[in-house]
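Thanks for making time. I will talk about aromatic rings today, so please have the sequence and the structure open.

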Amino acid sequence: MLKCRTVWRTLAPLARTSSTVCRQNARRAGLNNGRLPACVPAAHMSTAPAGGGRENQLYVLLVGATCVGGAIYAYRTVKGDSQRYQDRIDEISSRPLKTFTEEPATPTQSEPPAAPSPAEPSPPAPDAEILAPIETADLPSEPPAAEPAEARPGVVAEDEPVIEASPEEAAEPPVVEPEPSPPSEPTPAELTEPVADSESPAAESAAAAKPAEPQLEAVTESGDASPASHKVSSHTPYLLIGGGTASFAAARSIRARDPGARVLIVTDELVPPYMRPPLSKELWFSDDPSVTETLRFKQWNGKERSIYFQPPSFYINAEELGSAENGGVAVLTGKKVVHMDVRGNKIKLDDDTEISYDKCLIATGGVPRNLQVIERAGEEVMKRTTLFRKVEDFKSLDKVSRNVKSITIIGGGFLGSELACALGRRSTESDLEVIQMYPEKGNMGKVLPEYLSNWTTEKVKKEGVKIISEALVKSVVSKDDKLEIQLKDGRLVKTDHIVAAVGLEPNVDLAKSAGLEVDSDFGGFRVNAELQARSNIWVAGDAACFYDIRLGRRRVEHHDHAVVSGRLAGENMTGANKPYWHQSMFWSDLGPDVGYEAIGIVDSSLPTVGVFAKATAKDTPKAATEESGTGIRSESETEHTASSPVASSAPSPTGVQHKDEYGKGVIFYLRDKVVVGIILWNVFNRMPIARKIIKDGEEHADLNEVAKLFNIHDD
Amino acid sequence: MSYCKQEGKDRIIFVTKEDHEAPSNAELIADDPNDPYEEHGLILPNGDVNWNCPCLGGMASGPCGSQFKEAFSCFHYSKEEVKGSECIDHFRDMQECMQRYPELYPQDDETDSSSQEAESRSALPTEKDSTAATSTAEAAVSADGTSPTDEQTAS
């Protein structure tokens with residue numbers, strides 16, 4: 001429109017002059033008719049187009065047409081815009097109308113209330129809201145719980161009827177709880193009654209819900225039913241989601257730093273927190289036949305302990321958490337957190353309980369990955385496959401190993417190799433065949449440099465395991481009560497049971513509802529160097545992809561990391577604001593001869609420098625634990641963290657010399673000439689030195705000199 | 001004599017005891033005692049007790065955590081000639097509490113090397129005397145140290 005105007009302005013003088021010329025010419029033409037020779041030449045305006053009337057007319061026509069065209073276009077555009085705007089407004093206003101029209105439809109059907117009809121999302125429109133809580137009483141299933149919540153904002157707007165109803169009816173909320181039979185009778189009767197009457201019972205249920213829940217978020221589900229029935233306190237200062245190692249370490253840290261702290265652990269497992277490493281190691285070497293029940297294991301030095309961090313008497317009941325004088329740690333087992341509301345600082349469990357928190361830790365760990373070929377292979381194959389992670393998996397695999405003739409482990413990493421060795425040991429007592437297959441060339445192929453990986457593989461074979469390396473599984477079928485594994489290179493393996501140890505998928509189910517970032521490279525929740533995802537939310541353990549100031553962003557799936565990160569998260573939840581600094585370590589024992597401790601980034605794709613000495617009889621995991629007088633090697637590590645790093649020295653050994661080349665030594669993993677990872681191969685109790693070297697992050701010219709710091713020839 | 005071989009990107013060095021006899025010339029950066037990020041032992045740089053020290057196990061965080069903290073703090077800051085002699089009431093409270101949880105705090109007098117280290121690290125004279133206070137403290141800390149159920153492995 002404006003354009004048209006400017007165009008008109010510029011063209012107007014032109015048009016005027018051209019029309020003047022037209023008129024003049026016409027007059028002249030008319031006047032000249034009367035005279036003979038044209039004495040006075042026609043006065044041409046400088047701007048007038050030469051040529052005469054016809055061309056002028058053409059010119060005028062063109063300009064006029066352009067202007068008209070422009071005007072028409074402008075008019076069309078404006079009209080279209082306003083039309084689109086109108087459509088949008090209509091659409092928005094029609095949305096509540098749409099659901100509104102559905103709501104009255106269902107109650108008027110007067111269907112048997114026991115049959116739960118699919119819940120409709122309740123509309124904000126006043127009338128339908130009142131009907132919605134009645135629906136809630138009708139339908140015992142989960143979705144209707146949404147309606148009182150969504151009804152609440154509308155009910156608040158209702159003012160008078162609600163406020164009058166609530167004081168009288170305050171005592172009645174339990175009645176309106178989702179119980180199928182009792183309210184089902186009154187409700188059809190209510191439905192037919194005038195809307196005003198039905199307002200009160202509905203209003204009171206909603207109003208009663210209101211005081212119970214200070215939040216008025218339309219998204220959240222109502223907790224009015226749950227607190228009455230569950231009696232779990234609806235608020236906890238410290239909430240830990242997940243009941244594993246990281247969670248327990250955080251609980252301990254919080255309790256140590258915040259006197260009288262109340263900590264609630266919510267786990268979907270049925271048992272209190274326990275540690276995982278013995279499930280694939282020590283528990284298998286126990287002589288106790290009832291080990292699957294007691295879950296106690298004897299360590300090398302004879303000291304026995306349970307895999308549980310604490311006996312049940314350590315924890316207090318979740319219901320008593322709020323009233324406990326000195327606080328405590330409560331564990332809520334068998335409950336899964338399905339929704340997290342970050343703005344409202346609360347979570348929702350799978351039984352609709354809502355728990356609000358001040359500070360929350362997500363330590364959900366992960367679930368074992370499975371091979372696609374097994375997942376697609378059907379029920380028969382899945383029945384004979386174990387994904388090993390939890391206590392139940394240990395129990396079932398133990399039972400299976402006593403009843404079948406052949407077990408195949410797919411996967412050559414830590415878990416796969418440890419299980420292979422454990423089962424291999426068992427195979428010497430029974431006639432159990434143990435097969436281990438993996439795509440790499442040797443055991444721990446992604447961790448150890450090739451020469452060590454090969455050496456390790458030989459040791460694993462000596463434990464009684466049949467190794468099939470460079471094996472890619474093409475398909476698995478169940479035939480005649482046995483499983484047939486077809487490999488891509490054509491080999492066929494027949495077995496009774498499969499254990500898949502092919503990695504861990506971090507559990508980030510809560511990322512969506514909580515709006516937390518998930519890392520695309522490593523998986524897991526992305527957190528900063530202080531393990532914080534957002535205000536009041538921390539993540540620790542296997543599920544945390546964190547920024548390590550020294551080594552960069554990473555995600556670590558080891559026990560000690562769970563302890564260290566859990567403890568750090570607990571410290572930061574109580575205000576410490578410390579970054580991840582104390583480097584965690586890990587260890588592995590593959591039979592009595594091969595044991596190593598490692599720290600940092602230990603990736604076989606990095607260049608390595610290994611410094612080895614000849615091993616003696618004293619350089620075995622067994623000897624190390626006997627020497628230091630502690631149970632698990634990591635315990636001796638614990639004691640030493642409290643002291644300054646000093647290499648322990650002992651009298652020189654007089655034992656048998658092993659003929660193996662790689663008896664004991666230190667392997668350095670380098671990234672851009674800086675040591676980022678160290679493996680202590682059959683060398684124990686030196687972790688503090690290794691930790692120091694990584695912390696320094698220096699470029700060392702001669703790594704042999706660095707290796708001297710470890711005194712590998714000593715014990 | 002040490003020798004070296006290279007397998008691809010991996011270098012392997014074999015060394016004898018003699019090769020490693022000379023002290024190392026590798027340089028390590030000196031530790032800053034006031035580094036705020038570092039993990040501390042039982043005693044923090046400012047003299048306070050580090051309740052989160054792994055060496056204490058779960059003593060400060062269990063059901064008897066508050067009693068333990070009171071008793072141990074009193075002991076730590078005690079300036080008496082017989083250290084901790086004025087703290088007997090706290091230790092009694094702690095012992096009473098621990099008796100209520102025999103599963104968590106086994107009532108044996110086994111002294112553990114770690115508990116003694118914990119005591120010595122806190123710069124207290126290690127007295128193997130018979131005062132109720134110290135022996136209870138030692139027993140308590142050692143009960144934790146040896147307790148199979150209370151220990152959390154790995155730092």
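Before the cluster, a definition: rings of Phe, Tyr and Trp count as a pair if their centres lie within 6.5 Å. The model I am showing is predicted. On that definition, ring pairs join five residues into a cluster: Tyr451(A), Phe612(A), Tyr662(A), Tyr3(B) and Phe14(B). Over all chains, the structure holds 22 aromatic pairs.

Let me take one of them, Trp581(A) with Tyr37(B). The centres are 5.6 Å apart and the planes are at 65 degrees, an edge-to-face pair. This pair crosses between chains. On the chain A side, Trp581(A) is in the loop between helix 19 (559-573) and strand 24 (585-590). On the chain B side, Tyr37(B) is in the loop between strand 2 (10-14) and helix 1 (65-77).

Are these two residues buried or exposed? Trp581(A) has a relative accessible area of 18%, so it counts as buried. Tyr37(B) has 32%, so it counts as partly exposed.

Next, a pair within chain B. The ring centres of Phe72(B) and Phe75(B) are 6.4 Å apart. Why is this pair called tilted? Because the planes are at 35 degrees, and tilted covers what is neither under 30 degrees, which is stacked, nor over 60, which is edge-to-face. Both residues lie in helix 1 of chain B, three residues apart, or about one turn of the helix. Phe72(B) and Phe75(B) are both buried.

Last, Phe75(B) has a charge over its ring: the charged end of Lys83(B) sits there, 6.0 Å from the ring centre.

Definitions and conventions:
Residues numbered from 1 in each chain as written. Chains lettered and ligands numbered in written order. Predicted model: local features only at pLDDT ≥ 70, side-chain atom pairs only at ≥ 80, totals over all residues. Heavy atoms only, no water. Phe/Tyr/Trp six-rings, centres within 6.5 Å; stacked < 30°, edge-to-face > 60°. Helix = DSSP H or I, 4+ residues; strand = E, 2+ residues; numbered from the N terminus. Buried < 20%, exposed > 50% of the residue type's maximum accessible area, 1.4 Å probe, protein only. Lys NZ or Arg CZ within 6 Å of the ring centre and 35° of its normal.
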